[in-house]
Amino acid sequence: MELSNVIIRHAALSDLKQIEKMESACFPKSEAASLDSFQKRLETYPNHFWLMEKDGMIVSGINGLVANTATLTDEMFAHPELHDENGMWQMIFGVTTLPEYQGKGYASMLMRRVIDDCSAQGRKGIVLTCKKNLIPFYEQFGYQNQGLSHSEHGGATWYEMRLLYTNTDQTPPIRPAQ
């Protein structure tokens, strides 16, 4: 696993086209966010876009808004104004890695960073939806499968996954070693 020469940072509007390109490579058109949608999200909550660069190129990303509800709703995808910086739950809309970099540990490294950052921000936890085949990937980080989601996003079947910070000091759950 070659995870050297990587930088994890938050996004800027100048990253817009690269973020949309990665999204298009990772999701079917019916599920992928549009360039316009990403622009509105970046203008509203850029510090909730985590990007990984390898040798100067964005290869992986995680993004989503913060809310006070522990359930991710389809309405959140379309309405960045629902973001509440003081909310207790980090929602994750997308975990993307360019196809040629998948299976090499980039998304895992980035997810660990998101988990650590959300813990440091004092969140209660993180919520995301995923397809059935990705449930084991998220479980390795401590996410719990909450069953079928009410989401109808892109016409797919989604499962809701929730990671709770169970300690009062917001220490994240134990994760596998890097």
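A residue is called buried when its relative accessible area is under 20%, a cut-off that applies to the close-up views of this predicted model.

**View 1. Cysteine 118, a buried residue outside any disulfide.** With a relative accessibility of 0%, cysteine 118 falls under the 20% cut-off and therefore counts as buried. A disulfide requires two cysteine sulfur atoms within 2.5 Å, and the count by this rule is zero. For cysteine 118, the nearest cysteine sulfur belongs to cysteine 130 and lies 17 Å away.

**View 2. Cysteine 26, a partly exposed residue outside any disulfide.** The relative accessible area of cysteine 26 is 25%, so this residue is classed as partly exposed. The model contains zero disulfides, and the cysteine sulfur nearest to that of cysteine 26, again from cysteine 130, is 15 Å away.

**View 3. Serine 108 in helix α4.** Helix α4 spans residues 106-120 and includes serine 108, which is buried at 12% relative accessibility. When neighbours within four places in sequence are left aside, serine 108 is in contact with Phe137, Gln140 and Phe141. Serine 60 stands 48 residues from serine 108 along the chain, and the C-alpha atoms of these two serines are separated by 9.8 Å.

**View 4. Threonine 129 in strand β7.** Threonine 129 belongs to strand β7, which covers residues 125-130, and its relative accessible area of 12% places it among buried residues. Apart from neighbours within four places in sequence, the residues in contact with threonine 129 are Leu72, Ile92, Ser149, Trp158, Tyr159 and Glu160.

How values were computed
Residues are numbered from 1 along each chain as its sequence is written. This is a predicted model: local features need pLDDT of at least 70, side-chain atom pairs count only at pLDDT 80 or more; totals for chains, interfaces and linings use all residues. Side-chain values use heavy atoms; hydrogens and water are left out. Buried means under 20% relative accessible area, exposed over 50%, partly exposed in between (1.4 Å probe, protein chains only). Helices (H or I, at least four residues) and strands (E, at least two) are DSSP runs, numbered from the N terminus. Contact means heavy atoms within 4.5 Å.
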